[in-house]
Amino acid sequence: MSDFSTWDIIRNLLLAARWTVVLSLVSFIGGGVLGVILLFLRIGKFAGACAFARYYVELFQGTPLLMQLFLAFFGLGLFGIDVPAWLAAGLALIFWSAAFLMEIWRGCVDAIAKGQWEASASLGMGYFQQIRYIILPQAIRIAVPPTVGFSVQVVKGTALTSIIGFVELSKAGTIVTNATFQPFTVYGFVALIYFALCWPLSKSAQVLERKLNVAHRNH
Amino acid sequence: MSLIEITEVRKAFGDNEVLKGINLNVEPGEVIAIIGKSGSGKSTLLRCINGLETINAGSIAVAGAQLLPDELHLRALRLKVGMIFQQFNLFPHLTVGGNVMVSQTVVKKTAKDQAEGMARKMLDRVGLGHKFDAYPDELSGGQQQRVAIARALAMEPIALLCDEITSALDPELVQEVLAVVRELAAEGMTLIMVTHEMKFARDVCSRVVFMHQGRVHEIGPPEEVFSNPQTAELKQFLGML
Ligand SMILES: Nc1ncnc2c1ncn2[C@@H]1O[C@H](COP(=O)(O)OP(=O)(O)OP(=O)(O)O)[C@@H](O)[C@H]1O
Ligand SMILES: [Mg+2]
């Protein structure tokens, strides 16, 4: 009843998957940069900045990503600002990723024993020297696996942006389904493509975790 | 003028006043043992001298310079006074050599080869020159503590604070660390150490401070303090009652 071949379906989905990849990368990298800034506010010595970072995280972790997308897309529209779907999607995902990455990394900094701060202080190091030479090198090591693991959440999070009309993999799946009336086949392929994107990431998070654990024991 | 002058120092955590007016003057080259029950404020006193805790009242002066709680003064103080911890606190991501070099290169901006020379010298001094490239978790507790001593010595402090530095060690490893401390004392290093090693305190220390409920309860040369305690509390602590 339609002249869509299986190959046509896959080709269209793969083309749209590029946007899933781009959006994931933008969100992850943008969220990472913003997350680092928030992290330094959070562990820094200025009470106001620290509180700001804390509320930021609570706000973005305490509301569904979907609401954040709606607010970015429709909310700004209320003020007469016309936000294209790609911009709203990108911004919302960056802000959302930043909150989670910052929390992950803060946990890693907190995991460094208090004795490390005290020993480096007693040797005369200043705050930034402690961070740079003692705390971060240890925190980064334990932060890598959960950070890579979180990238999987980002990839899956991009699927939500289909709701505000951004054409990535999920949205393309809906469009193609409407044209082919083969939802099971189409969404089957959609799921496979997501799996192909996410599985290597979660697998490498596992491998890294094991590697770094061993490295920590034997160097 | 004494090397370390502690005058009427008070420190409270919330409502809990832990130090209730401590007075203590330490002369250059003295070895002071601080003894006392758990919770009497021994660690807190050492941590105040190193600026890890800020005092609520009184004053602490090291080599004539007042201890003030801003970072500039604190760092200047810590260059003069090193500290060794019960839990060693070596940096696990750095080699033994790296542990001893990092503060020299970062804080003093010493050139790398010079810092390495100093690190090797100090590691030799504690008998661990051959472990330069090992990582801390490849060492025994006693060896780790000796590296921590070398690390503090590399900053060329004029005094060392030691907080129960053998308490986390297996009994057979205690002596190798005490031997290093004994040597430092013989070389004239000023030492203030919290310790439960009474025999060591008796042999090595010039004065013993007995702390009780946040005060210096009794103080004197070891032979007096240990053989002829004046107060019931000290007698009880020494197991003489
Ligand atoms: N950071 C802190 N916050 C609140 N209370 C503290 C803190 N550090 C120490 N204290 C309290 O101060 C008191 C004295 O502690 P301190 O560690 O100086 O004793 P100590 O003489 O070293 O004992 P120990 O022999 O067990 O090491 C204790 O009652 C302890 O609970
Ligand atoms: Mg103590």
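The following exchange asks why certain terms are applied to this predicted model of chains A and B.

Reader: What should I know about the model and its numbering before we begin?
Author: The model is predicted, so local features need pLDDT of at least 70 and side-chain atom pairs count only at pLDDT 80 or more, whereas totals for chains, interfaces and linings use all residues. Residues are numbered from 1 along each chain as its sequence is written, chains are lettered from A and ligands numbered from 1 in the order in which they are written, and side-chain values use heavy atoms, with hydrogens and water left out.

Reader: What makes up chain A in terms of helices and strands?
Author: Chain A has 8 helices and 0 strands, where helices (H or I, at least four residues) and strands (E, at least two) are DSSP runs, numbered from the N terminus.

Reader: Why is α1(A) called oblique to α2(A)?
Author: The axes of α1 (residues 6-43) and α2 (residues 47-61) of chain A come within 7 Å and cross at roughly 130 degrees, the axes being lines fitted to C-alpha atoms, for helices over the stretch in contact, with angles from 0 to 180 degrees between N-to-C directions. Angles under 35 degrees count as roughly parallel, over 145 as roughly antiparallel, 65 to 115 as roughly perpendicular and the rest as oblique, and therefore α1(A) is oblique to α2(A).

Reader: Which residues of α1(A) and α2(A) meet, and how are they classed?
Author: Contact means heavy atoms within 4.5 Å, and by that criterion A:Leu34, A:Leu38, A:Leu41 and A:Arg42 of α1(A) meet residues of α2(A), including A:Phe52, A:Arg54 and A:Tyr56. The contact has 8 nonpolar, no polar and 2 charged residues, where Ala, Val, Leu, Ile, Met, Phe, Trp, Tyr, Cys and Pro count as nonpolar, Asp, Glu, Lys and Arg as charged, and the others, Gly among them, as polar.

Reader: Why is B:Glu164 counted as buried or exposed, and what of B:Lys109?
Author: Buried means under 20% relative accessible area, exposed over 50%, and partly exposed in between (1.4 Å probe, protein chains only). At 15% relative accessibility B:Glu164 therefore counts as buried, whereas B:Lys109, at 60%, counts as exposed. B:Glu164 lies in the loop between β7 and α6 (171-186) of chain B and has a positive phi near 45 degrees, although the residue is not glycine. B:Lys109, in the loop between α3 (96-107) and α4 (112-125) of chain B, likewise is not glycine and has a positive phi, near 55 degrees.

Reader: Why is α1(B) described as largely enclosed?
Author: Of the 8 residues of α1 (residues 42-49) of chain B, 7 are buried, so the helix is largely enclosed by the rest of the structure; the buried residues include B:Lys42 and B:Arg47.

Reader: What makes β8(B) mostly covered, and which strands pair with β8(B)?
Author: In β8 (residues 190-194) of chain B, 5 of the 5 residues are buried, with B:Thr190, B:Ile192 and B:Val194 pointing one way and B:Leu191 and B:Met193 the other. Two strands pair if DSSP finds at least two bridges between them; β3 (residues 31-36) of chain B has 4 bridges to β8(B), in the parallel sense, and β7 (residues 159-163) of chain B has 5, also parallel.

Reader: What makes β2 and β5 of chain B edge strands?
Author: The open sheet of 4 strands has the order β2-β1-β4-β5 in chain B, with antiparallel pairing, and β2 (16-26) and β5 (65-66) each pair on one side only.
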